[in-house]
Amino acid sequence: MKELLSLAACAILAASASAAHARTFEVSSGESIQAAVDRAAPGDTILVHPGTYSGEGGLALVHVRQSGLRLEAPRSALLDAHGYRYAILVGDEGPVGPEGCVSTSVRGFALEGFTLSSAAHTGLRLTGVDGFSVRGGAYLENGEHGVRSRCSAHGLVAENFVSGHRGAAIHVGDSDHVVVENNALTESGVGAVVENSTFAVLRHNQIFGNSAGIVVLVRPHLPLPVTDHVRISENAIVQNDLPNPVSPDGGDGVGAIPSGAGILNAGGDHVTIERNIILANDSFGLATVASPFVLADARIDPFADDQRVERNVILLNGQSPDRERPGPPGADVVFVPGLVDFASGAVLMPDPDSDDDCFGDNRFFTEHPAGVTRGMTCP
């Protein structure tokens, strides 16, 4: 007991010493945020005042490589990232493939507020970051993504407004233990994507006016060939009927997703979908299908295993399915667990164990195939 108390006392003293040495760097309009970041040390805060911050172009308008920094500003602090690939990059880029992920290089990062706009690829990119918080910002028209985590862990993305992205408003890829909550996601290819990641939570988000609402999928040639343990709860997923901004043959995963998708699970395992409101999405409300990417990467188990769908309201969906992208007939609930070529109707790979999924206490009118959820009650 004395040893434990001694260790606790040391930890408290160390934390107090760190707090005592923490500094705050203030940045005003016309000054450089990057210069303040470069001067900062772990535990410091960069406080940015209202104004427009821009530069001459390059990889990132602000590049954070240090651990333990906090960047804070009101939304009236605009990072105009014209000419940059990223508005803010945390960590360092590197190859990501079957051989592995980018190594963790930043431990602890917080971003609160700001408006990030007009980056060529992504507003905020987190690569190799363990422990992050992204709160209260606006992400507008940043090319592919508003916020994207890759090879990162133990993160929170909350209370942001994200709009106008060709890919996903929020993209969780090759990451684990990331929570996405209380965000408003609109006018993007997909509201939120969880890809080749584990232990992700999406809850209390307003997802509307995108091409698709939430997509869970497994893509090929990535370090982790599964998406596992995803919880999607208490979201409003309404009228995601924006035309898909990517052509069906554009070589992009987003391009293959039917416009008007509410929630799509393409091969994710242990996915729980509960207490969501899923209304008026043109192609379908909720669809479970196999991952087509098994044809490109044999490591992938394409079938959605142990999915639970409970206590959702899924109504008025599937009334005008996307005609450009082959898919199942429109319905509130679609359950096609085997790998199917929707263009021809051919079953390429049957699911050998589709009875491990369950549906319980959902409100919906239409399903495909008719009656498919009957008997699939949740224990």
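How much area does the protein chain expose, and what share of it do carbon and sulfur atoms supply? In this predicted model, the exposed area amounts to about 15500 Å², of which 55% is supplied by carbon and sulfur atoms. Charged side chains are also counted in the protein chain: 24 are positive and 45 are negative, and the centres of these two sets are 5 Å apart.

The protein chain contains 35 strands and 2 helices. Its radius of gyration is 22 Å, close to the 21 Å given by the globule rule for 379 residues, so the chain is as compact as a globular protein of that length. The C-alpha trace spans about 65 × 55 × 40 Å along its principal axes. Of the contacts between residues at least 6 apart in sequence, 61% join residues at least 24 apart.

Buried residues account for 55% of the 379 residues. The largest nonpolar core comprises 65 residues, and Phe114 and Leu124 have the most contacts inside it. Strand β7, residues 84-91, contributes the largest share of this core, with 4 residues. When residues up to four places away in sequence are not counted, Phe114 touches residues that include Ile33, Val48, Leu71 and Leu79. Its partners also include the run Glu72, Ala73, Pro74 and Arg75, together with Ala77, Gly137 and Ala138. A second core, separate from the largest one, consists of 19 residues; among them are Ala212, Val215, Ala261 and Leu264.

Definitions and conventions
Residues numbered from 1 in each chain as written. Predicted model: local features only at pLDDT ≥ 70, side-chain atom pairs only at ≥ 80, totals over all residues. Heavy atoms only, no water. Rg over C-alpha atoms; globule rule 2.2 N^0.38 Å. Buried < 20%, exposed > 50% of the residue type's maximum accessible area, 1.4 Å probe, protein only. Contact = heavy atoms within 4.5 Å. Areas by Shrake-Rupley, 256 points an atom, 1.4 Å probe, with all protein chains shown as cover. Lys, Arg positive; Asp, Glu negative; His and termini not counted. Charge placed at Lys NZ, Arg CZ, Asp CG, Glu CD. Core = buried A, V, L, I, M, F, W, Y, C linked by side-chain atoms within 4.5 Å.
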